[in-house]
Amino acid sequence: MRMAESLDTRWAVRWIQETARVVAENRALLIDLDRVIGDADHGENLDRGFSAVIAKLDAGEPPATPAAVLKLVAMTLMSTVGGAAGPLYGTAFLRAATSLGEAGEIDADAAAGMIRAARDGIVARGKAEVGDKTMVDAWTPATESAETAAQAGATAPEVLAAAANAAHAGAVATEPLIARKGRASYLGERSAGHQDPGAVSSALILTAAAAAAGGEVA
Amino acid sequence: MSVALVIVSHSEKIAEGVVELAAQMAPDVVLVAAGGAEDGPGPARIGTSFERVQAGIEQASGGDGVVVLTDLGSAVMTAEMVLEFLEPEARESVRLAQAALVEGAIAAAVHAQGGASLDEVVRAAEGAVVSVRPEEFEPFVSHAAASPGQGGASDGASSAAAEASAGPTAGGSWTLPNQMGLHARPAATLATGLADLDAEVTVNGVDGKSVMLLMSLGLGQGKTVTVEARGPDAQAAVDFIGQAVESGFGEPA
């Protein structure tokens, strides 16, 4: 484990680079999960989206704040992803960016607030609830764990690690659920028995956030 | 200028097809297809594009407002996001209809063609739900599914209809002389012509102001059209339909 680092603009860039890397690495897994209960495009769409984000980060001036990094992510995902993940993650990163304001560095409370804002954005956009077998099933426990950790005096990287662990557990717990939102909901009971691809990619993104901060993720 | 429509679908072809279909009944309405997602050069892939929807709304602006119709999931969410990004002033004249794409687009286009207001066009789109029970080959009509608690396509006239319920009544029956019967264009002619009349009109039991419900009757050549009307303009409505049917809607017999 690396030393816990402060969450600044460089962290935000590392987070996105790490996300792009793990999304590419898990592209086939996400496609497979989406093939059985959706339209098989989640892995491809996300990989395309985050590759486009990296291309923009590499091409332009580095953004000035963590919020500016997240806003660039949001705008790029919205225009390049195509599937439901575009507007959902677009909204999540946009709300997360807004919650951070102009801050150059993110403390534990701000980190938890950022995750809460992203989660609330996904709920507002997709109108799914906990138990619907969607990314909300990863983001909601992640938000609760992050807030509990922040209140207990954890550091910002520890808050992210708590969120990542809870998101991962939440994604795994979607396996027996019957989908009630999105394309998978048309399958009814046949959607049970597989993890939700959106919940899995959400766990990957939050794990990348923690890894970029040097936080320990189980 | 009338109200314009933007059709958002995962499929570029669906969006273009819906525009093509609706244009047949609404030649003067601005109809913009915003389907599929960009993927560099070559054909669009399946998906929805923030930029395409944004550009579509921009292209459709300038008239009496814009109604956006969508198909599934991300099309709805992408359209919502584009609306959130509009300037407040522009936002006021753009509506996202919660409607079945094909039925809603046709109903909306016909009303827009008839000069309906933005609210009326949205209501027409949201009220247009028709499906058919194939085993019976009889139209099964559900308004409630589109807008629970509301009457459906004829809502625009619901208050007028309520007042009209005590008014004079009129009726009549005619045989369809034209080869094509009561197909899309004649249905649109009737619905549009009745829209402004202060009367509750049923044609073979369905709302005569709803082009979708008229089409759903599936009345072919030689079938009987039976009209019942109630309200101040009841006689005018019956006369209008009678003349239109007798003339075969200007189509070959």
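Start by selecting chain A and colouring it from the N terminus: the elements run α-α-α-α-α-α-α-α-α, nine helices and zero strands (DSSP runs, H or I of at least four residues for helices, E of at least two for strands, numbered from the N terminus). This is a predicted model, in which local features need pLDDT of at least 70, side-chain atom pairs count only at pLDDT 80 or more, and totals for chains, interfaces and linings use all residues. Residues are numbered from 1 along each chain as its sequence is written, and chains are lettered from A in the order in which they are written.

Zoom out to see chain A whole. The radius of gyration of chain A, taken over C-alpha atoms, is 16 Å, close to the 17 Å from the globule rule (2.2 Å times the number of residues to the power 0.38) for 218 residues, so chain A is as compact as a globular protein of that length. Its C-alpha trace spans about 45 × 40 × 30 Å along the principal axes.

Next, show both chains and select A:Gly182, A:Arg183, B:Gly73, B:Ser74 and B:Met77. Of the 44 residues lining the largest pocket, these lie nearest its centre. Here a pocket is an open set of points on a 1 Å grid over the protein atoms alone, where a 1.4 Å probe fits, with protein on both sides within 12 Å along at least five of seven lines; lining residues have an atom within 4 Å of a point.

Which helix gives the most to this lining? Select α3(B): that helix contributes five residues. Then add α2 (27–37) and α9 (197–212) of chain A, which are among the helices that each supply at least two lining residues.

Conventions: Heavy atoms only, no water.
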